[in-house]
Amino acid sequence: MKAIVHEGKDGFEGLSVQNVEEPSVSENEVKIKVKAAGMNRRDVAVVTKRHKGASEPLIPGSDASGIVVKTGEHVTRFAVGDEVIVNPGLGWKHNSDAPPEGFEIVGLPDHGTFAEYYTCTDEHVEKKPGHLSFEEAAVLPLAALTAYRALFTKGKLKEGQTVMLPGIGSGVLTCALLFAKAVGARVIVTSRSEEKLSKAKELGADVAVLTEHDWAEELKGETVDLLLESIGKATFEKSLGIIRKGGTIVTFGATTEDEVTFNIRQFFYGQYQLLGSTMGSAEELKEMLTFVEEHQIKPQLDRTFNLDDYQHAFQYIQQSENFGKIGFKVRD
Ligand SMILES: NC(=O)c1ccc[n+]([C@@H]2O[C@H](COP(=O)([O-])OP(=O)(O)OC[C@H]3O[C@@H](n4cnc5c(N)ncnc54)[C@H](OP(=O)(O)O)[C@@H]3O)[C@@H](O)[C@H]2O)c1
């Protein structure tokens, strides 16, 4: 089968499209003919941060949609012909404060979804939402699950509250914008791009601010109940400065640098809350899918690439050209 493989050289130089052996199917597994695969910034991190000169071939990719073409003898949840999506989180079944030991993400250390076939146990597969195309369904799971847990499980966002989303070009945050509007929250976004700010307003953002501007000045003193912080060092201090007293920051990413400094005295006087989050459990994935179907939400799909166009796809997301999600169209 055709697959994007990373091996030998660091970063994008180690990427190629190869013909590799199709995965076999064990008794609890389903084999999926991949129709589309979603791409995340994690895929860039995986190929740039793998140990130097990694020689073991790895198929990256955490998200996919497709059709079940074979089932193991113990599989009862799915049958050949079912249209499905893959749960990008492995080994986190039930809702909990943090993932259990052994939790992993599809696409490192084991092979991922940028291939014509993908095989996993049936408990890591869910039915494709009927209102979504294969491309839309493929880009949904990782980003939307992360947004869902950060906004609702951790951030406890409610109707009438205000949430701020810095860096709205993000696949995760465009999902968060759609989810927050669906529950009747007010949404403030930032971006480095005027064009992305206009697109965010078309999606329902109430206020749009350039990331490099003075947020407090632009918001004329308004503060927010909740802020999803995924940029890291470049924005963390500004994010902390815009939360109302007693408000919450949920952090799940560090697109710029990992280490930040802030004034702990201002923090405890303000009685702020800082919560970490990462993806979500299989239970939360099901809750998120129900929510998406109830509200007929479609993820913001920027564009898809062919597998052969992998260099362009990796550069596109690395350089933040995307507004929302991108993915690979693997099969017609
Ligand atoms: N912990 C988890 O489970 C989890 C899950 C998913 C994602 N993540 C992390 O969350 C982050 C977002 O993921 P994603 O897949 O949505 O990424 P993405 O689509 O690449 O979006 C990242 C956004 O960050 C903004 N940005 C990038 N560089 C910036 C800079 N130097 N200064 C200010 N803003 C900058 C850009 O927004 P503008 O172009 O609008 O300015 C960009 O669109 C990543 O760090 C990812 O690794 C974590």
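**Exercises around the ligand**

The shell around the ligand is made up of 9 nonpolar, 14 polar and 3 charged residues; here Ala, Val, Leu, Ile, Met, Phe, Trp, Tyr, Cys and Pro count as nonpolar, Asp, Glu, Lys and Arg as charged, and the others, Gly among them, as polar. Please keep in mind that this is a predicted model, in which local features need pLDDT of at least 70 and side-chain atom pairs count only at pLDDT 80 or more, while totals for chains, interfaces and linings use all residues. Residues are numbered from 1 along each chain as its sequence is written, and side-chain values use heavy atoms, with hydrogens and water left out.

**Exercise 1.** Find how many residues surround the ligand, and which are the closest.

*Solution.* Start with the cut-off: a residue is near a molecule if one of its heavy atoms lies within 4 Å of it. The count is then 26 residues, and the closest are Arg 41, Ser 170, Ser 191, Lys 196 and Thr 255.

**Exercise 2.** Look for polar contacts (pairs of N or O atoms within 3.5 Å) that the ligand makes with Ser 170, Gly 171 and Thr 278.

*Solution.* Begin at Ser 170, where an N or O atom of the side chain is 2.7 Å from a ligand oxygen. Next, a polar backbone atom of Gly 171 is 3.0 Å from an oxygen atom of the ligand. Last, a ligand nitrogen lies 3.2 Å from a polar side-chain atom of Thr 278.

**Exercise 3.** Work out why the ligand lies between two domains.

*Solution.* Take the domain bounds, which come from an automatic or database domain assignment. Domain 1 (2-140 + 299-329) and domain 2 (145-276) both give residues to the shell, so the ligand lies between them.

**Exercise 4.** Locate Pro 109, Gln 296 and Ser 320, and describe their backbone.

*Solution.* First, a cis peptide bond with omega of about 10° joins Leu 108 and Pro 109. Then turn to phi: Gln 296 has a positive value near 50°, and Ser 320 a positive value near 55°. Most residues other than glycine have a negative phi, and most peptide bonds are trans. Finally, place them among the helices (H or I, at least four residues) and strands (E, at least two), which are DSSP runs numbered from the N terminus. Pro 109 is in the loop between strand 7 (104-105) and strand 8 (117-121). Gln 296 is in the loop between helix 9 (282-294) and strand 16 (301-305).
Ser 320 is in the loop between helix 10 (310-318) and strand 17 (325-329).

Methods
Polar contact = N/O pair within 3.5 Å; in protein donor to acceptor, adjacent residues only side chain to side chain.
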